[in-house]
Amino acid sequence: MRRVVVAAVIVLWAGCSWTHEACGQDAKRPAEASARLEKARRLLANGRYAEAVEEYTAAEAEGAKPPGGLSPATRTAIALDLAECLASQGEYTQAAERLKKAAADAPQAAEPRARLADLLLDRGAWDKAQTLMREAERLEPDNPRARWVEARLHELRGEREKALPAWKWFIDRYNEKKPEISGNAETLLLVGQAAERYYRATARGEELGEALNDVINEIYESAIRVDPNCWRAPWLEARLFLSGTNERAATRELARAQQINPLAPEVLVTLGEADLQGYKLAAGRTKAERALEINPHYAPANVLLADLNISDERFDDADKAARKAVAENPRDERALARLAACRRLLVDPMGAEAAELAALAANPRPADFYYWLGERLADRRKYHSAERAFLLGLAAQPGRADAAIGLGMLYMQVGRETEARDLFDAAFEADPFNVRALNMMKVLKHMASYTPILSPHYSVLVDPAQDQLLGKYMSQYLESIYPTLTKRFGYAPPGRTQIEILISHQWFSGRTVGLPFVPTVGACTGRVVALASPRATRVPFNWARVLTHELTHVITLQQTDFNIPHWYTEALAVESEGYPRPQEWNRLLLERVPARSKLLNLDTVNLGFIRPKEPDDRQMAYCQSQLYAQYMLKRFGDRALIDMLDAYRRGLTTDRAIAACFGVDKPDFEKGYLAFLDQVVKTIRTRVSQEAPVKFSQLEREVKEKPDDPDLNAKMAYEHYARRDYKEARPFADKALKLKPHHPLASYVKARLLLTIGDDTAALQILEPALDRKRPNERVVDLLAELKMKAGALDEAERLYELARQDDPYHTKWIAGLARVHLRQKKTAAFLNDLTMIAANDADDVSVRKALAERHLAMGHAAESEKWGRECLYIEVLDPTLHVILADALTAGKKAAEAVEEYETAIELKVKRPNDVRVKLAKALWDAGDRVRARATLEGVLKADPDHPEGNKLKAELGLGSA
């Protein structure tokens, strides 16, 4: 809840009632006190609170000296400003004492009592605040601050029928006293905030939009025109924009506020909230921590930290932050909501209920509490609990837009789009500023024409004009992997899982988060999987791999009631894909494991996914998560992964799950994992392509410093060779070889130089003694194998490529080299195995899969040809040639009915030489028993082309007469 003491403008030149009186007495002040006051005001406006306190205190002291002295009104105004300075630094007790003394010194003044009431209200002391508010109203019935406290008390207690007329009072007062109020920035801010609340409760559609625009342009902008140092005006505008998830507009206004006061905790926290909306968690954390440095007791900063920690899956830290916020104000619904969410996420239902009862004790209709509880639980996919919270929030405050949007987003995540549509329509009517509601309405309108492709366990939703064929093959693939995945994890999701294929990445982003961009092509909510259509991406990708990954999330999230940590569901998803570890991950392991540098552990691995410190951290998180799974299997046996899933299903934390499943504590588990990583790294070597580059100028300096260093001379030789400066390269290569005979890099450069003049024999003579068969240099062995193959020494070339693979078995370079050798040796089986390994290294390579399908078919391996033909379609489903290849494989495998379908698809996709395919279709139809269609198809071909050779041949084979 916003701290009004800090948020409201208290600047003496803003035109408030105290300012006029104080300014009227300026002539009575000593000159030095007056100068100090002006300086103090500037410091206060710029957020330099501690310095402002010093200046105000000094001004008081100077003004108290005879002759003259400060007027009572000026002393009161100083006391109010001092109270704000103290409160802005979290010195609430001292601020309250200042206000109490000001009230005692001015028994007929309403303002000190109203300010103290406001301060106590935000500390949860509602009864004391009410007493002071009534005292202030007795002294000055129309005091804006007292009226503000009265309206907020009604709101906080859930007395909506009393709060609405209290908010309306500000609008009526503004209309009655517009010339007077328009010159008072502080009162304008109170009017604006009251008007926001009133219009959100009573207006809809265009009327509400116009009203909120008036609040911004007529009220808040007027405040900053009256007082150019009124940073709270753009801050309040930003909050209004941010409530509608308009992050861009909010950020612009927050920048205006920071130009005036860069140290306002309110602005810092609101910037952090914008970061949270954009999932920039590290940036948000920095702002929350900075706000707490300025004001250690600023509850909204701890609320923001709780939110960030919940998104980070650091539930214990979130709980601590929520408890600190509650300690500042035990009745704060937003703080209590975070505490309830943390207790629920930490599997403490009693603690969650206690927090809810605390909110209900203060307000029988705690709409804020339920909304924020729903938001935080939905963020962690606690859908049932979140739905309950949103529904209770809407019951507490019917027509509330943010709760309707939160519930609508939840329904989108679980595939209940029809219910979501009504909620978004109502929410946008209630809040036309809300970008997310508008975007989701657009998404649902766009998706209204999508149609489902149903199978026993899945519903694949597609745009029939673009992705009907893709949806069909996705549906088939999903059913094909269903038995494997459900058996592997021992769980089958109930009902049909919904798969949604959006026609573009923009629509995918809108459907996933309600905003224009999300940096991925697939997303899983645990109930729904959404993908951007492969047709919308610039580079084709293997959508089957993506689906396997996302469906693993569906199973493991539901299986554990969404208690599984991020790292573990990712570990299982990557393992399920079944591909070799990417070389990029090997590079990271080589860099980080031996030095124990930037390694993640069980306490930090989730952060690699959620808020990586550098781009490589996300890849390292995937890599280390998969290795955690492999480590558990190796150390604890085949049931290790299933046992951990069961532990998470029972609500155990990772620490407790490790102890329960494996009988070891976390330090022992982590120690064993590091030893496992060391063994993994021993099987990896750095590739030439990943060597750290050295600047040529730096290398020149190093050679001058160490002219007799063979390694430096060899590197210099290589750099000159790479620049095609062969004349300069040779002396460095020769010198390196003289200093260290058979130096690998120098030998490689010398051999390359000899090849430029066509002396292959001399190149071989240089390279062969440079080869270390225990640790072969990549460049040496690669060039040597190439020369052996060129010379026709295929067996020796094969041995060299196998030697190179010993330390790097999945390097496509060596496998491709072997493939070329095996092809020339006519070792067909070995050649096909090479192609299979190349395909495994690149899930998105359709050309190698096509080659495998064709070669297996030529060899009569129908099943293998079918396998690779299907894998081709997982990348390029709209390529008619690939459908023909698959159909040919199916025909060879005596699967005539399936072949018919593929041939027909190829024809629909406008395959080249369609009559050739129609002849094959006719044969498949005949074999499938549909002889009427077979005859008609064949006759159609021969009618168009009577001399078609395959057509006539088939007609004769089928005994249908001559052409």
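Which side chain meets Lys100 in a salt bridge? Select Lys100 and Glu97 to see the pair: their side chains come together with 3.6 Å from N to O. Keep in mind as you click around that this is a predicted model.

**Stop 1: inside one helix**

Stay on that pair and colour helix H6, residues 92-105. Lys100 and Glu97 both sit in this helix, and because they are three residues apart, about one helical turn separates them. Now switch on a surface. Lys100 is partly exposed, at 43% relative accessible area, and Glu97 is partly exposed too, at 44%.

**Stop 2: a buried pair**

Next, select Arg152 and Asp118. These two form a salt bridge as well, and their closest N and O atoms are 3.4 Å apart. This time two helices are involved: Arg152 belongs to H9 (residues 144-156) and Asp118 to H7 (residues 111-121), so the salt bridge ties together parts that lie 34 residues apart in sequence. Are these two side chains' residues buried or exposed? Arg152 counts as buried, with 2% relative accessibility, and Asp118 is buried with a relative accessible area of 1%. Buried here means under 20%.

**Stop 3: from H9 to H12**

Keep helix H9 on screen and pick Glu155 together with Arg197. Their side chains meet in a salt bridge at 3.2 Å, N to O. Glu155 is in H9 while Arg197 is in H12 (residues 185-202), so this pair links parts that are 42 residues apart in sequence. On the surface view, Glu155 shows up as partly exposed, at 32% relative accessible area, and Arg197 is partly exposed at 28%.

Now widen the selection to Glu111, Arg115, Asp118, Asp122, Arg145, Arg152 and Glu186. Salt bridges with shared partners join these residues into one network. You have already met two of its members, Arg152 and Asp118, as a bridged pair.

If you'd like to keep hunting, there is plenty left: the count for this model comes to 83 salt bridges.

**Stop 4: over to Thr654**

For a change of scene, jump to Thr654, which you'll find in helix H35, residues 654-662. Which residues does Thr654 touch, leaving aside those up to four places away in sequence? Show Pro565, Trp567, Leu602 and Tyr648 as sticks, and you have its contacts. Thr654 is buried, with a relative accessible area of 15%; that value falls under the 20% cut-off, which is why the residue gets the label.

Notes
Residues are numbered from 1 along each chain as its sequence is written. This is a predicted model: local features need pLDDT of at least 70, side-chain atom pairs count only at pLDDT 80 or more; totals for chains, interfaces and linings use all residues. Side-chain values use heavy atoms; hydrogens and water are left out. A salt bridge is a side-chain nitrogen of Lys or Arg within 4 Å of a carboxyl oxygen of Asp or Glu. Helices (H or I, at least four residues) and strands (E, at least two) are DSSP runs, numbered from the N terminus. Buried means under 20% relative accessible area, exposed over 50%, partly exposed in between (1.4 Å probe, protein chains only). Contact means heavy atoms within 4.5 Å.
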